[in-house]
Amino acid sequence: MPLRKELGILLGIGIAGAVIFGPLWWRAATPCVAGNLLARAQARIPDNVKEIYLDAGHMQFGMGSAAIGGWEGLGDALAVGGLVWVRTTRADSAKYFATVSNRYFQSSGFVYIPSDREHESSLRLEPATPVSQIWETLTNKYPQGVMFSGYVRLAPLRLIAIARPAIDERPVFQNAPAYYTRPMESAQEAWAYVVGIATTKSTASRSDRAWLSSLLAAHPGRAGHSMGLAHALWLKSAPADRQRPPARENVQAVGQLVVEMTKVVEGELRLFPVTRAGNCGDVAIAR
């Protein structure tokens, strides 16, 4: 009896500790990382992802690099509504630098929220708020980082995207003039579906957040204590239903959102705190 009682006490303590302290090995990761974001920044295709296809149907939303129909077309990408949208970089294709979409894709590095995750809260955006200020607001509330998505009307909207595939081991950020050879695209005012991530510089610089610093290294000198990156689908017109993903026929282009001097007219973001990140097993691998 004493031995059984002691075992019961120890088991109870173990369960309580698991609930209170939440060990990483059993908690679901938020967000998920597919591929290797450090390799993505270094323009490398890791051997372990060369034959893997991802399924956007298992993602609520995500962003990073994606290829449809071969690594030669690897470009900036955004996933939402069961599709990945890619600015293809295959120079010998008739669709060079066009925005293409598909359910299945390959990626050297992609960060996403799985379909079964619930957002923690929402942020309604105030008119005339600079996008950079939104990042400050988010990082003040979520210093460990937060992913977000939603429809936003911007004035102006400005997009930039790489125009050659990052597959030759020439680091993207150190060789930006070689990759960003197309001019920036802009509109005085436009609707966009935005996917992004924001965090503090101190959090991004931590060794256990190497995946995060690799993703955000495009803006190492940004003023203030916050860092962020957002990709956007430029829409042809206002969304018919803001509770549903963008309609295929309403998407004009995809690219990285240039936030300097960009302000919000209206919009709302769903927020997912970045408590940690992992590969989430094979949840998004195509079968």
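Student: Which residues touch the most other members of the largest nonpolar core, and what makes a set of residues a nonpolar core?

Tutor: Met147, Tyr193, Ile197, Trp211, Leu215 and Leu233 touch the most other members of this core, which has 29 residues. A nonpolar core is a set of buried Ala, Val, Leu, Ile, Met, Phe, Trp, Tyr and Cys residues joined through side-chain atoms within 4.5 Å. Apart from the largest core lies another, of 26 residues, among them Ile134, Val146, Val152 and Val264. In soluble globular proteins, nonpolar side chains tend to be buried together.

Student: What should I know about this model before we go on?

Tutor: This is a predicted model, in which local features need a pLDDT (the predictor's confidence in each residue, from 0 to 100) of at least 70 and side-chain atom pairs count only at pLDDT 80 or more, while totals for chains, interfaces and linings use all residues. Residues are numbered from 1 along each chain as its sequence is written, and side-chain values use heavy atoms, leaving out hydrogens and water.

Student: How confident is the predictor in the protein chain?

Tutor: The average pLDDT is 86, and 87% of the residues score at least 70. Over residues 1–28, though, the pLDDT is below 50, and this stretch has nine contacts (heavy atoms within 4.5 Å) beyond near neighbours in sequence. Residues 218–223 also have a pLDDT below 50, with 13 contacts beyond near neighbours in sequence. Where pLDDT is low, the predicted coordinates should not be read in detail.

Student: Why is Ala43 called buried or exposed?

Tutor: Buried means under 20% relative accessible area, exposed over 50%, and partly exposed in between (1.4 Å probe, protein chains only). Ala43 has 0% relative accessibility, so Ala43 counts as buried. Its phi is near 60 degrees, a positive value in a residue other than glycine. You will find Ala43 in the loop between helix 2 and strand 2 (54–55); helices (H or I, at least four residues) and strands (E, at least two) are DSSP runs, numbered from the N terminus.

Student: Is Glu169 buried or exposed, and how do you know?

Tutor: The relative accessible area of Glu169 is 55%, which means that Glu169 is exposed. Glu169 also has a positive phi, about 65 degrees, although it is not a glycine. Its place is the loop between strand 12 and helix 4 (176–179).

Student: What makes Glu185 and Arg87 a salt bridge?

Tutor: A salt bridge is a side-chain nitrogen of Lys or Arg within 4 Å of a carboxyl oxygen of Asp or Glu. The side chains of Glu185 and Arg87 meet at 2.9 Å, N to O, so this pair fits the definition. Glu185 lies in strand 13 (residues 185–187) and Arg87 in strand 5 (residues 83–87), so the pair ties together parts that are 98 residues apart in sequence. Glu185 is partly exposed, at 26% relative accessible area, whereas Arg87 counts as buried at 1%.

Student: How do you know that Asp116 and Arg117 form a salt bridge?

Tutor: Their closest N and O atoms are 3.8 Å apart, so they too come under the cut-off. Asp116 is exposed, with a relative accessible area of 62%, while Arg117 counts as buried at 17%.

Student: Why does Arg40 have no salt bridge?

Tutor: The nearest side chain of opposite charge, Asp76, is 4.2 Å away, and a salt bridge must be within 4 Å, so the pair does not count. The charges are opposite because Lys and Arg count as positive and Asp and Glu as negative, with His and the chain ends not counted. Arg40 is buried and lies in helix 2 (residues 37–41).

Student: What does the side chain of Arg40 make with the side chain of Ser65?

Tutor: The two side chains make a polar contact at 2.7 Å. The term means a pair of N or O atoms within 3.5 Å; within protein, one must be able to donate a hydrogen and the other to accept it, and residues adjacent in sequence count only if both atoms are side-chain atoms. At 2.7 Å, the pair is within that distance, so the name fits. Arg40 also touches other residues, including Gly64, Ser108 and Leu215.

Definitions and conventions: Lists of a residue's contacts leave out its neighbours within four places in sequence.
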